[in-house]
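Welcome to a short set of exercises on one protein chain. Please load the sequence and coordinates, try each task yourself, and then compare your steps with the worked solution.

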Amino acid sequence: MEIRKLIDLLRATIDPNQRQQAEAQLEQIHKIIGFAPSLLQVVMMGDCDMPVRQAGAIYLKNLISQSWQDREVEGGQQLPFAIHEQDRALIRDSIVDAVVHAPDLIRTQLCTCVNNMVKHDFPGRWTQIVDKISIYLSNPDPSGWHGALLCLYQLVKNFEYKKADERGPLHEAMNLLLPQLYQLIVRILPDASDQSVLLQKEGLKIYFALTQYMLPLDLITKEAFAQWMEVCRQVVERPVPPAALQPDEDERPDLPWWKCKKWALHILYRMFERYGSPGLVTKEYNEFAEWYLQTFSAGVLEVLLRQLDGYRSGHWIPPRVLQQTLNYLNQAVSHAYTWRILKPHMPAIIQDVLFPLMSYSPEDHELWTVDPHEYIRVKFDVFEDFVSPVTAAQTLLHSSCKKRKDMLQKAMAMVTQVLTNPASEAPQKDGALHMVGSLADVLLRKKVYRDQLDQLFIKYVYPEFSNERGHMRARACWVLHYFAEFPFRQENVLMEAVNLMVRALLHDTDLPVKVEAAIALQSLLNYQEKSQKYIEPQVKQIAHELLTIIRETENEDVTGVMQKLVCVYTQQLAPIAVEICQHLTTTFNQVLDTDEGSDEKAITAMGLLNTIETLLTVMEEQPEIMMLLEPTVLQVVVHVLQNEVKEFYEEVLALIYDLTSKHISHDMWKVFELLYQVFMKNGLDHFTDMMPALHNYITIDTVAFLSNEQRLLAIYNMCKEVLNNDCGEDAESHAAKLLEVILLQCQNKVDQAAPLLIELAASRLLREVKTSELRTMCLQVLIAALYYNPVLLFSVLEKMPNFTENFIKQWLHDTDCFLGIHDRKLCVLGLCTLITMDNKPNCLVEMVPRVIPSLILLFDGLKRAYAAKAQEQAEEEESDSSDGEIEGEVLSSDEDEIDEQGQEYLENISRRALSAGQTAGMAITGTINDIEDDSDDDDSDFEPNEETMLEAYTTPLDEETCPVDEYDVFKEVMTRLERVQPDWYNALTANLTEQQKKNLLDICVLADQRKAAKESKRIEQSGGFMFTHHEVPTSFKFGAPKPS
């Protein structure tokens, strides 16, 4: 490879006028042997222009990322390009040296190369990376240390999340490298220069990645662990040089001194939280946790308390360092040993650290004033909570007050002092109310505080709604949000809360206040049923305001409020449902147009789609409104599908399901065509998400589905794609279910297509099947075809050598694998059809002794499944009847009371289940008992979940009005066979045991009971029982002679 020509091409890629041509030339030559090593050579040429070297590094990174490993050829595809092994060997030999000697601008790209190479080649082809790193780390020349540490970090990163049994090669390497790393850090620890601290930071990052998810006790002995803990302690405690405090506060956290402290604290907290907390660790760390707590926790706590003391005195600490410090203290609250050390300091920490952190800060004020939209984004960013010292302060306050005696009393005394002091300024009052709201669930458990909450709201929260400072109005809303579960003793206090929040939502001039009011309103709707009547008069205005806020802020939490409002006030909002939907659609398009790459935007967009879905769900019983909503919703559906915005496929498919649940319009059939195109192009992975909508298209308007043969062909092609490609057996089970649904839904209407459906399921059974779920589902397609037309089924199967015999044999063998009501019912109907055929398959005669036992097994399963369904319905009724009846404390009281309520509840459910079972004609004899602790882990009585996931895709056999009852059919079949074909009947029953004969009798009795129950229900629904009137005789003569 000519180096000069390569340099010219890379230089041309930087020039907009030559880029396209240069990239095309690189595309032509990149597969030539020698290209990749030549590219690395250019990247490392010191006399070459830096932009050219950078372009080369980026090209090399992409080349290694995409083409480093050998790939297998997929069916009918060309062999994917991979860098030749000769070139890979050259790069492996030189990449560590390249990282060591490369300037920082290029190192990042080269480190990504190392990461990919380790992923595919270590340890098999590249054990020398360990030797290379070791040589540089043991070399006294410091110039090689940084690059060696970066390579070591990439090595460790590759194993960071792997299980213990997959980390062997790393631990073997670290046996050599970890002691070298420790010796290097100890050597440079006294050096406070930028370069030294940067190296220390890299070393700590490596140790954190090594130990974050697994502490290898065979690699890190107690002695070695103690050494690393001492390193972390020193890094946290040592003072920073004046230079670390000179830049602006926003820039300081990026300096190596502070980053080094941050990583040391990451390690200290992680070791305590994951491995050093007795009672909270996995069993392999039990002994270690006890040793850690006694050996290190006190020393680390003392260091961290000194750090907080400095913070109290006005010393600046970066937010992440402060957050991790508070996290460590929070962990210490849980253990009596560490709590004894922490307890004397805790009141001062609450007053001088937590309270100021939880108060409205100058930074908050600046953001509120300059950019209220950003203020809202930061305050509601869930990711921010993971790094915010304010959240850490809130958590520490809550833990200490909930878990430790007297802390709540001391904290509330401080809060009361602030709230009652006329001299308290607004930020301090904000902090006090923030503390009160954070402790809401703890205060609600304590009667002494719960009884005073009405007065707290009236005196200290409600007045803040009139405060001229917006942040205090927002805080008042926030407090009511956190106390939404409070059982208001006086309804007028609740009414005032609702009115104040509605006023804030509709009329406040500050956007953050409106957002807080909206979210608080949702909480009241969730927990305070009485609040609904106070909100109702203004619900349309509230809905309009929420839509405006959603569009302006794109805040996901507010879309949740809208969902709640639509659910609670469905009738009231029906007249403006279309307007709501148009607003949501416009906002969705706005979010998509502004920034497709942002996670927050994606979450907001999903929230909007979910709100539209909620609107459709609650309006589904109002067809005239659904008809008006459909064109607006279709704009979103078509936009997402046509533009292949895959991250929203799941939500959009849910919208299609809603729009086809009751009626399928002409436009929705066009969507079906679009769905098919999307699937065939790149939607294979989304088949299970499409399944509910596809099921609707088949079952909701079967006549329209069959009126165009292309629709049936489309479903067939989709199922064929899934069953013939490696989509996973879950997706394949769904495809088989769809085939079964067609056969049962389109009885006697798809004779031409049925052979294709049968062949598809049968051919899948001829290939390897790993799960019983897929096997039984494919069998079910054939059983459905047998029920559809037995002659047609066997005419297809006979073309496949020995298939009929294997099918029946497998079916009878797998009887116990059919679960739920539908699958077993179809099995029973299938076997009944099979044994009544005029031309029975020859193999059936050989297997005849297994038929009736299989049916008995199925009926036994059906009995359990019907009982489970009856119990579930009883539980739902119990849940409905008990709603809103809980009085007194929102949270449950002591443990004994819960147990008594639990047992009473179970007995009540048991009674309802028995009653429901009798109504359905099922004799349920079991009772429901609480689980005893002394169950000795015997799982012999374990029953799998009686309802299968695919049972949700119903067929005519599953409808309540279905005239086909499997018990009735079986009894009639057996009675008729006994009368008409006695020899065949005797063959079926000859080998039955006494128990099986009894079971057969029980099934027949149950068939009569079910028939009587169904008839009784029919009479009841048609207007009740009718009795013929007879005159009652006035006298009786006993013993009168019979008339002759």
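**Exercise 1.** In this predicted model, decide whether Ser-67 is buried or exposed, and find which residues Ser-67 touches beyond four places away in sequence.

*Solution.*
- Step 1: place the residue. Ser-67 belongs to helix α4, which covers residues 50-67.
- Step 2: apply the cut-off. Buried means under 20% relative accessible area. Ser-67 has a relative accessible area of 8%, so Ser-67 is buried.
- Step 3: list the contacts. Leaving out residues up to four places away in sequence, Ser-67 touches Phe-81, Ala-82 and Ile-83.

**Exercise 2.** Repeat the analysis for Ala-173: which helix holds Ala-173, and what does Ala-173 touch?

*Solution.*
- Step 1: the helix is α9, residues 168-188.
- Step 2: the relative accessibility of Ala-173 is 5%, and therefore Ala-173 counts as buried.
- Step 3: with residues up to four places away in sequence set aside, Ala-173 touches Phe-122, Val-130 and Leu-155.
- Step 4: try a distance too. Val-390 is 217 residues from Ala-173 along the chain, and the two C-alpha atoms are separated by 41 Å.

**Exercise 3.** Search for salt bridges: how many are there, and where do the partners of three of them sit?

*Solution.*
- Step 1: set the criterion. A side-chain nitrogen of Lys or Arg must lie within 4 Å of a carboxyl oxygen of Asp or Glu. The count by this rule is 43 salt bridges.
- Step 2: take Arg-125 and Glu-85, whose side chains meet in a salt bridge at 3.5 Å, N to O. This pair links distant parts of the chain, 40 residues apart: Arg-125 lies in the loop between α6 (104-121) and α7 (128-138), and Glu-85 lies in helix α5 (residues 85-101). Arg-125 counts as partly exposed because its relative accessibility is 42%. Glu-85, with a relative accessible area of 29%, is partly exposed as well.
- Step 3: extend the search from this pair. Arg-125 and Glu-85 are linked with Asp-70, Arg-88, Arg-92 and Asp-121 in a network of salt bridges.
- Step 4: move on to Glu-732 and Arg-764, which meet in a salt bridge of 2.5 Å, N to O. Here the link joins helix α42 (residues 729-745), home of Glu-732, to helix α43 (residues 754-765), home of Arg-764, and the two residues are 32 residues apart. Both Glu-732 and Arg-764 are buried.
- Step 5: finish with Lys-971 and Asp-1008, whose salt bridge is 2.6 Å, N to O. Lys-971 is in helix α51 (residues 966-980) and Asp-1008 is in helix α53 (residues 994-1021), 37 residues apart. Lys-971 counts as partly exposed because its relative accessibility is 24%; for Asp-1008, 39% leads to the class partly exposed.

**Exercise 4.** Map the surface patches: which residues form a nonpolar patch, a positive patch and a negative patch?

*Solution.*
- Step 1: recall the exposure filter. Patch residues need over 30% relative accessible area and no salt bridge.
- Step 2: find the nonpolar patch. Val-382, Phe-383, Phe-386 and Ile-603 make a patch of about 400 Å². Ile-603 sits in helix α35 (residues 599-619) and is partly exposed, because its relative accessible area is 33%.
- Step 3: find the positive patch. Its members are Lys-402, Lys-403, Arg-445 and Lys-446. Lys-446 occupies the loop between α24 (440-445) and α25 (447-450), and its relative accessible area of 40% is why Lys-446 is partly exposed.
- Step 4: find the negative patch. Asp-248, Glu-249, Asp-250, Glu-251, Asp-254, Glu-363 and Glu-366 form this patch. Glu-363 is in helix α18 (residues 362-370).

**Exercise 5.** Now zoom out: what are the overall numbers for the protein chain?

*Solution.*
- Step 1: secondary structure gives 53 helices and zero strands.
- Step 2: along the principal axes, the C-alpha atoms fill a box of roughly 130 × 80 × 60 Å.
- Step 3: of the 1044 residues, 50% are buried. The chain exposes about 51,200 Å², with 49% of this area supplied by carbon and sulfur atoms.
- Step 4: among contacts with a separation of 6 or more, 74% are between residues 24 or more positions apart.
- Step 5: there are 96 positive and 156 negative charges, and their mean positions are 2 Å apart.

Key
Residues numbered from 1 in each chain as written. Predicted model: local features only at pLDDT ≥ 70, side-chain atom pairs only at ≥ 80, totals over all residues. Heavy atoms only, no water. Patch = residues over 30% accessible without salt bridge, like charges linked within 9 Å, V, L, I, M, F, W, Y side chains within 5 Å. Areas by Shrake-Rupley, 256 points an atom, 1.4 Å probe, with all protein chains shown as cover. Helix = DSSP H or I, 4+ residues; strand = E, 2+ residues; numbered from the N terminus. Buried < 20%, exposed > 50% of the residue type's maximum accessible area, 1.4 Å probe, protein only. Lys, Arg positive; Asp, Glu negative; His and termini not counted. Charge placed at Lys NZ, Arg CZ, Asp CG, Glu CD. Contact = heavy atoms within 4.5 Å.
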